[in-house]
Every structure is written in structure tokens, then in C-alpha cells.
Amino acid sequence: MSIDDAFDISVSAINAKRLQMEIISSNLANIDSTRSVDGGPYSRRVPIFAERPLSFDEELDRAQKKAGGGVEVVAVVEDKTPFQKIYNPGHPDADDEGFVSLPNVSMSKEMVDLVYASKIYEANITAFNITKKMAQDTLQIP
Amino acid sequence: MASGEVPRVNIFDNTFENLHQAMSIATKRQEILSHNIANIDTPGFEPLDFDEVLGKAVKRAQGGPVVLEEELAALTENSVRYSAYVKLISSKINVMRAVATQGRR
């Protein structure tokens with residue numbers, strides 16, 4: 001147990017939030033994508049965060065980084081909200097009744113999530129810097 | 001203490017021991033506060049506190065979600081307190097060095 005552990009914790013959150021911001025960027029970039037890699041319209045992606053426990057009972061867990069504190073993204077799942085259907089029979093991806101299914105991405109929701117994620121990202125950078133000062137102080141002991 | 005009496009001070013006391021203990025506690029608390037801040041957005045997360053008596057992390061007694069600003073303020077305060085310990089240990093070492101070298105370098 002040392003100051004390093006606090007660094008690892010803050011860095012885990014910084015990484016998790018950065019990944020979330022990448023996912024949001026992907027959602028926004030694909031807001032009009034009627035064709036995804038799996039066929040069909042693009043589905044909004046959502047990261048699932050889980051707490052990484054502080055303590056560990058076995059050395060093996062620690063070696064595999066299953067503990068040590070902080071947070072991690074355990075999965076990136078598809079939002080199952082139904083697609084919005086717009087009547088546009090001229091569109092190449094329109095179905096038999098002339099409806100086009102559009103991605104279930106809402107610009108305003110993504111932007112709110114982005115602002116929130118970046119605030120938490122910055123908060124964890126601040127926490128990291130505070131811990132860094134502690135480590136630097138330790139080096140000042142004569 | 002009668003006037004003219006010089007207080008007896010033993011420079012080989014347990015100051016180092018106490019300060020080292022205090023620094024360890026502050027380091028552990030830093031870890032726990034960082035953990036709470038990292039999990040601000042994690043659903044179902046239960047914030048932790050450092051219990052000095054038990055010497056380990058415990059679940060926070062009063063409910064309510066983690067307030068980011070409060071946690072960051074606690075982190076800063078913890079860091080400042082740690083800096084104070086560092087200064088105290090440094091003074092102690094300097095005093096001992098002055099004694100050991102009789103004031104000469």
C-alpha cells in the first residue's frame with residue numbers, strides 16, 4: 001500500500017471516462033447512419049461502469065488487475081430503445097411501407113452525457129494532481 | 001516548573017513513529033477518497049470512509065450519494081495535512097542533524 005495505489009485509482013477513472021467520451025463521439029458521428037456493420041441502423045452504444053474493489057484476497061486477483069480500486073468499463077452494450085421511423089419512401093433504405101429507421105441517438109442526450117463525462121474526467125485529473133503533490137512532498141524530506 | 005529549570009527533552013522520542021503512522025493513515029485515506037471520486041458515476045456504488053480505529057476502509061455511515069466537491073475538498077485537506085507531517089519530520093531531522101554536527105556542517 002503506497003501512494004502509487006491512489007494514482008492507479010485516479011488513472012482508472014480517467015481511462016474509463018475517456019472511453020465514455022469516445023463512445024459518445026461514435027454515437028454522434030453515426031447519428032444518421034442507416035447502415036451499421038451488422039446491418040440495420042446504428043444502435044446507440046452505452047458503457048457499463050463497475051467499481052473495481054479496493055481490497056483483494058488473492059495475489060492472483062491483483063496480478064490480473066481485478067482489484068486495486070477505481071472503476072472500469074466492463075461492457076459496451078447497445079441501447080435497445082426502438083428506432084425512430086420516418087416516412088421517406090424515396091430513401092434507398094426505406095422498407096416496404098416506405099419507412100426509414102433512424103438511429104436511436106439523441107443529440108441533446110449525447111451532449112449532456114458528454115459534458116457530464118468531461119466534468120468527471122477533469123475531477124479525476126484534479127484528484128491525480130493532488131496526490132502527485134503528496135508524492136512530491138515526500139521527496140522533500142531531507 | 002520552577003524558574004530557571006531547563007525542561008528535559010529527549011530527542012530520541014517516538015516522534016518519527018507517530019509521524020510515520022500519521023503519514024500512513026493519510027496515504028490510505030487518499031486512496032479511499034480517490035476511489036470515491038473515481039466511482040462518482042458508477043451505479044450502485046457505496047462510498048467508503050477510512051476508519052482510524054479499525055485501520056481499514058469501511059462503508060460510509062450516513063447515506064446519500066457522493067458529493068464531488070466535498071470529496072475533492074477532503075482530498076485537498078488530506079494532502080495539506082500530509083504536507084504538514086512532512087514538514088514536521090523534516091524539522092525533526094534537521095534538529096537531530098544540528099545536534100549531531102554540533103551546529104557545524
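# Exercises on a predicted two-chain model

The largest nonpolar core of this predicted model has 21 residues, and those with the most contacts inside it are A:Ala13, A:Val71, A:Ala127, B:Ile37 and B:Ala38.

## Exercise 1: The cores

Find which elements give two or more residues to the largest core. Then look for another core.

Step 1. Start with the elements. H1 and H3 of chain A give two or more residues to this core, together with H1 of chain B.

Step 2. Find the largest share. H1(A) supplies seven residues.

Step 3. Look apart from this core. Another core lies there, with seven residues. Among them are A:Met134, B:Met23, B:Ala26 and B:Tyr85.

Step 4. Set this beside a general tendency. In soluble globular proteins, nonpolar side chains tend to be buried together.

## Exercise 2: One core residue

List what B:Ile37 touches, leaving out residues up to four places away in sequence.

Step 1. Take chain A. B:Ile37 touches A:Ala123, A:Asn124 and A:Ala127.

Step 2. Take chain B. B:Ile37 also touches B:Leu68, B:Glu71 and B:Leu72.

## Exercise 3: Where the chains meet

Describe the side of chain A that touches chain B, by element and by class.

Step 1. Count the residues in contact. Chain A has 30 of them, and they meet 26 residues of chain B.

Step 2. Name the elements. Helix H1 (3-29), strand E1 (45-51) and helix H3 (107-138) of chain A each give two or more residues to this side.

Step 3. Pick the main contributor. H3(A) gives the most, with 11 residues.

Step 4. Sort by class. This side of chain A has 16 nonpolar, 10 polar and four charged residues.

## Exercise 4: A helix pair

How do the axes of H1(A) and H1(B) cross, and which residues of the two helices meet?

Step 1. Recall how such a pair is described. Two packed helices are described by the angle between their axes and the distance between the axes.

Step 2. Read the two values. The axes of H1(A) and helix H1 (residues 15-38) of chain B come within 8 Å. They cross at roughly 5 degrees.

Step 3. Apply the cut-off. Angles under 35 degrees count as roughly parallel. H1(A) and H1(B) are therefore roughly parallel to each other.

Step 4. Name the residues. On the H1(A) side are A:Ile3, A:Asp5, A:Ala6, A:Ile9, A:Ser10, A:Ser12 and A:Ala13. On the H1(B) side they meet B:Thr27, B:Gln30, B:Glu31, B:Ser34, B:His35 and B:Ala38.

Step 5. Sort them. The contact has five nonpolar, six polar and two charged residues.

## Exercise 5: Two residues in strands

Are A:Arg45 and A:Val77 buried, partly exposed or exposed?

Step 1. Place A:Arg45. It is in strand E1 of chain A.

Step 2. Count around A:Arg45. There are 17 other C-beta atoms within 10 Å. Buried needs 20 or more, and exposed needs 12 or fewer. A:Arg45 is therefore partly exposed.

Step 3. List its partners. Not counting residues up to four places away in sequence, A:Arg45 touches A:Ile23, A:Ser26, A:Asn27, A:Val76 and A:Glu78.

Step 4. Place A:Val77. It lies in strand E2 (residues 71-78) of chain A.

Step 5. Count again. A:Val77 has 12 C-beta neighbours inside 10 Å, so A:Val77 counts as exposed.

Step 6. List the partners of A:Val77. They are A:Val46 and A:Ile48, not counting residues up to four places away in sequence.

Step 7. Check a distance. A:Val77 and A:Val46 are 31 residues apart along the chain, and their C-alpha atoms are separated by 5.3 Å. For A:Arg45 and A:His91, 46 residues apart in sequence, the C-alpha distance is 25 Å.

## Exercise 6: The chains as wholes

Describe the make-up and spread of chain A, then of chain B.

Step 1. Take the elements of chain A. It has three helices and four strands. Their order is α-β-α-β-β-β-α.

Step 2. Test chain A against the globule rule. The rule gives 14 Å for 142 residues, but the radius of gyration is 21 Å, so chain A is more spread out than a compact globule. Its C-alpha trace spans about 80 × 30 × 20 Å along the principal axes.

Step 3. Add burial. In chain A, 25% of the 142 residues are buried.

Step 4. Turn to chain B. It has two helices and two strands, in the order α-β-β-α.

Step 5. Test chain B. Its radius of gyration is 20 Å, where a compact globule of 105 residues would have one near 13 Å. The C-alpha trace of chain B spans about 65 × 35 × 20 Å along the principal axes.

Step 6. Finish with burial. Of the 105 residues of chain B, 25% are buried.

Key
Residues numbered from 1 in each chain as written. Chains lettered and ligands numbered in written order. Predicted model: local features only at pLDDT ≥ 70, side-chain atom pairs only at ≥ 80, totals over all residues. Rg over C-alpha atoms; globule rule 2.2 N^0.38 Å. Contact = placed C-beta atoms within 7 Å. Nonpolar A, V, L, I, M, F, W, Y, C, P; charged D, E, K, R; others polar. Axes fitted to C-alpha atoms, helices over the stretch in contact; angles between N-to-C directions. Parallel < 35°, antiparallel > 145°, perpendicular 65-115°, else oblique. Core = buried A, V, L, I, M, F, W, Y, C linked by C-beta atoms within 7 Å.
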